[in-house]
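Please look over the sequence and the model shown here before reading on. The report then takes up one helix and two individual residues.

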Amino acid sequence: SLCSSADAAVAAEATLSLARLTGEASLLKALTARAVDDPRAIAAIGTLPAATAEAELRSLAGPRDPYIRGAAIKSLAKRSPAVAVPLVRDALESDHAALRVFALEAAITATDVSYIPVLRLLAQSEDRLERRLACAALVRAGEPGAAGELLATVDEARRAGDAWVEVLTAE
């Protein structure tokens, strides 16, 4: 079957499709097992309607590989923003840059005023991407003056020749 394909992307897509059609919790477990090797499977788990999906995402959002943890937090923020708040807040303060980026993306998707103090700090980061995402999250949270800061980070990125700025600006 396609669910057991040697191609990880094919197997994940086939498993997700079957899980969507059947709502089978056991298929969520198969996606979770693959998530250790493929963060895209975590995003797939987040799209499933089963209550088990939220539990799986919470489990994956615990201490582990920062990329897996970050993808789970980002998916959980889309699915259940209130549940994700403490996880996002913790990840925003992480020492791992990739985890902070996932958390910043989650903070943009699902705003919470409790993020504002750490977002203000990240808006001063030396990393342009972190700074831009933090400013965007502050704008989403309604923080006064954040829109001007966001525009300044976009202008700075354009001057530096950052090709991603056009993609991020379009979002």
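What follows describes a helix, then two residues and their surroundings.

This is a predicted model, in which local features need pLDDT of at least 70 and side-chain atom pairs count only at pLDDT 80 or more, while totals for chains, interfaces and linings use all residues. Residues are numbered from 1 along each chain as its sequence is written, and side-chain values use heavy atoms, with hydrogens and water left out.

Helices here are DSSP runs (H or I, at least four residues) numbered from the N terminus. Helix H1 covers residues 8-22, and because the expected span is 1.5 Å a residue, its 15 residues should extend over 21 Å, which agrees with the 21 Å between its end C-alpha atoms; the expected span is 1.5 Å times one less than the number of residues. Its buried residues are Ala11, Ala12, Ala14, Thr15, Leu16 and Ala19, where buried means under 20% relative accessible area, with a 1.4 Å probe and protein chains only. Just after H1, Gly23 adopts a positive phi of about 70°.

The two residues compared in the table both count as buried.

| Residue | Location | Relative accessibility |
|---|---|---|
| Ala91 | helix H6 (residues 81-92) | 0% |
| Glu143 | loop between helix H9 (128-140) and helix H10 (146-159) | 18% |

Leaving aside neighbours within four places in sequence, Ala91 is in contact (heavy atoms within 4.5 Å) with Ile73, Leu99, Arg100 and Ala103. The C-alpha atoms of Ala91 and Val101, ten residues apart along the chain, are separated by 8.9 Å.

With residues up to four places away in sequence not counted, Glu143 touches Ile116, Arg120 and Leu138. The side chains of Glu143 and Arg120 are also joined by a polar contact of 2.3 Å, a term for a pair of N or O atoms within 3.5 Å of which, within protein, one must be able to donate a hydrogen and the other to accept it, residues adjacent in sequence counting only if both atoms are side-chain atoms.

Notes. Helices (H or I, at least four residues) and strands (E, at least two) are DSSP runs, numbered from the N terminus. Buried means under 20% relative accessible area, exposed over 50%, partly exposed in between (1.4 Å probe, protein chains only).
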